[in-house]
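Colleague: Please take a close look at the aromatic pairs in this one. I would like the geometry and the surroundings of the rings.

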Amino acid sequence: MAEDLVLDTAIRDWVLIPLSVVMVLIGVLRYFVSKLMRTTQLPDSKIIKEGQVIIRARNLRAAANFIPSKAFRARKLYYTNEENGLLHVPKGQGQNPQAQMLSDPNMAMDMMKKNLSMIIPQTLTFAWVNFFFSGFVAAKIPFPLTQRFRSMLQNGIDLSTVDVSYVSSRSWYFLNLFGLRGLFSLILGEENATDDTQRMMQMSGFGFDPSKSLGAEKDGLDIVQHDWVLPKFEQRAGDVLRKRLSS
């Protein structure tokens, strides 16, 4: 049976609160450091042009049935023509983001700055927590948990008799690291530079080829079945008018 512990108030005053305050201050400091290290880049005109073409092609698919068949076929050919269509990407001309990063030193430098501003503070903070606060039971969660949460909440404490709801100081560090996103959004705004989860998603999504969106939109436009709805509108208006006159 798990044992109940009596937490000393000194642990709250000298471990729990200082650790939380330091994590918030480090997050704010990282935001301003990242803001100073950030460089403004001009958007690529080719990428902007491709994005506008995709938006126009989507609007054509959405409103295809509101234009005559001849006009739709002309617009469809303008986008999907195999020779000079706006959505046609010749083989071998697709963008390679990795090669683009290697050819652009500014992009590689910006990525290195972002990684340094994320990795170095985390490494130093974790070393500080591990050296000064290792082995402390810092808090208790006010609701019961299953044994699956033990490895997440009691990192650094090798006692199977302690209830799962107790949180170690090292686990409290990780909870603050990934759980302060809402607080940083209130303090720094929605687009803050301290969102580690968003950075990890961006890094994992690196390698996305924008030219694939052109091919996908071209395939979607090719399979559109055009059905002009204007004659149906006239027939429907006539039916409504006859019902009004007969009533």
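Modeller: Here is a walk through the aromatic rings, followed by one helix. The model is predicted. It holds seven aromatic pairs. Take Phe-126 and Tyr-173. Their ring centres lie 5.8 Å apart, with 45 degrees between the planes. The pair counts as tilted because that angle is neither under 30 degrees nor over 60. This contact links distant parts of the chain: Phe-126 belongs to helix H5 (residues 105–132), Tyr-173 to helix H7 (residues 169–179), and 47 residues separate them. The two partners differ in burial. Tyr-173 has a relative accessible area of 2%, so it is buried. Phe-126, at 29%, is partly exposed. Together with Phe-174, Phe-126 and Tyr-173 make up one aromatic cluster.

A second pair is Phe-131 with Phe-132. Here the centres are 4.9 Å apart and the planes meet at 85 degrees, an edge-to-face arrangement. Phe-131 reaches 66% relative accessibility, so it counts as exposed.

Now to helix H3. This helix runs over residues 69–80, 12 residues in total. At 1.5 Å a residue it should span 16 Å, and its end C-alpha atoms are indeed 16 Å apart. Phe-72, Tyr-79 and Thr-80 are buried in H3. Viewed down the helix axis, the buried residues of H3 fall within an arc of 80 degrees, so they line one face. On the other side of H3 sit Lys-70, Arg-73 and Leu-77, which are exposed.

Technical notes
Residues are numbered from 1 along each chain as its sequence is written. This is a predicted model: local features need pLDDT of at least 70, side-chain atom pairs count only at pLDDT 80 or more; totals for chains, interfaces and linings use all residues. Side-chain values use heavy atoms; hydrogens and water are left out. Rings of Phe, Tyr and Trp (its six-membered ring) pair if their centres lie within 6.5 Å; planes under 30 degrees apart count as stacked, over 60 as edge-to-face and the rest as tilted. Helices (H or I, at least four residues) and strands (E, at least two) are DSSP runs, numbered from the N terminus. Buried means under 20% relative accessible area, exposed over 50%, partly exposed in between (1.4 Å probe, protein chains only). The expected span of a helix is 1.5 Å times one less than its number of residues. The arc is that of the directions from the helix axis to the C-beta atoms.
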